[in-house]
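The following note sets out some points for a colleague who is examining this model. Please read them alongside the sequence and the coordinates.

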Amino acid sequence: MSGLDSLLEAGRIARLVRESIPNMVRAEMPLVELAEQVEAMIRDHGGRPAFPCNISIDSVAAHFTPGPGEDTVIPPDAVVKVDIGVEIDGYIADTAITVTDNPVGVSLRYAAEEALKSAIKMVRDGVKVSSIGSVIHSVVSRFGFKPIRNLTGHEIKRYNLHAGVSIPNIPTADNTKLSSGHVYAIEPFVTLGDAAGEVVDGGKPNIFKIEKTGAGKLSEAELKVLTMLAERFNGLPYTLRWLKECDAELLRIHGRLWRMGRLRGYPVLVEKTGKPVAQAEHTVIVTEDGCVTVT
Ligand code: MN
Ligand code: MN
């Protein structure tokens, strides 16, 4: 398969899984069960999860995945964001959906989806990322809501989920332009008009990634774990839930590598004023006169 074919296939699987998610989510469902069901469906269709299934509830905006053996369940009336990535041969499709019956959540989701649609309509070679942010901001504001200003979309490269260029959800002074042939995820996050419209770190990470930097001499055991993580996840984000052999010793070494700066942990991101957040996301390939939505 060519790179383009791999990406299109990853996108096809991501869409299929995303569209199944509303039928999977139910109140009182353990988060581990939902995450594992979603990740298994990606694998069953011939893809690999590009990152752990993110399940972010209410004011949690992003970067939450259940830990191994966690017993948290989906609360009733929740605003549930499920964010998934599908990887084939390093080519990644990134997409998200908000599932909710909560009336406020439904409105927030509608605003996020409309903002995403308007953003995608203006994507083409040479458009400034800031113009995308302006459109998202203006659509969201029309509903009386606010985009989360410090969460952004991002360029995607092979085995690289956040590849440099950011796509803001507000107008910015960034003069960077979208380029034909490049792949980007666009992802408006929307919260209430009286919220801060900003996320802050809100809990210890369950999602990790190998850092290319990091100093300090490694013991043989540390080097072995780091090598295993590198071979298994190719530099993409992972979670301890995926390490079936995760015993106390491995956890200790993992914690040490993290403190040494050899691993990056993604803290859970929570809306600063505790207001609910909705999200919509698609991955696009930019062309001369528009884009192809792969998800
Ligand atoms: Mn995503
Ligand atoms: Mn993304």
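Is D94 buried or exposed?

1. In this predicted model, D94 counts as buried, because its relative accessibility is 3% and the cut-off for buried is under 20%.

2. D94 is also a metal ligand: it coordinates both the manganese ion (ligand 1) and the manganese ion (ligand 2), which are 3.1 Å apart. D94 belongs to strand β5 (residues 91-99), whereas E281 lies in the loop between β16 (277-279) and β17 (282-286); the pair is 187 residues apart and links distant parts of the chain.

3. For the manganese ion (ligand 1), the protein donors are D83 (OD), listed twice, D94 (OD) and E281 (OE), at 2.1 to 2.4 Å from the ion. Along the chain these donors follow the spacing D-x10-D-x186-E. E281 likewise counts as buried, because its relative accessibility is 1%.

4. A separate point concerns the largest pocket, whose volume is about 670 Å³. Its lining comprises 37 residues, of which H63, H154, L161, H162 and Y266 are the closest to its centre. Elements that contribute two or more residues to this lining include β4 (80-88), β7 (153-156) and β14 (263-266).

5. By residue class, the lining of the largest pocket consists of 15 nonpolar, 14 polar and eight charged residues.

6. Where does the largest pocket lie with respect to domain 1 and domain 2? It lies between them, because domain 1 (3-202 + 270-293) and domain 2 (207-266) both give residues to its lining.

Definitions and conventions: Residues are numbered from 1 along each chain as its sequence is written. Chains are lettered from A and ligands numbered from 1 in the order in which they are written. This is a predicted model: local features need pLDDT of at least 70, side-chain atom pairs count only at pLDDT 80 or more; totals for chains, interfaces and linings use all residues. Side-chain values use heavy atoms; hydrogens and water are left out. Donors are N, O and S atoms within 2.8 Å of the metal (3.2 Å for Na, K and Ca); water is not among the atoms, so sites may look incomplete. Helices (H or I, at least four residues) and strands (E, at least two) are DSSP runs, numbered from the N terminus. Buried means under 20% relative accessible area, exposed over 50%, partly exposed in between (1.4 Å probe, protein chains only). On a 1 Å grid over the protein atoms alone, a cavity is a set of points where a 1.4 Å probe fits but cannot get out, and a pocket is an open set with protein on both sides within 12 Å along at least five of seven lines; lining residues have an atom within 4 Å of a point. Grid points are joined across faces, edges and corners, and a volume is the space filled by probe spheres set on the points. Ala, Val, Leu, Ile, Met, Phe, Trp, Tyr, Cys and Pro count as nonpolar, Asp, Glu, Lys and Arg as charged, and the others, Gly among them, as polar. Domain bounds come from an automatic or database domain assignment.
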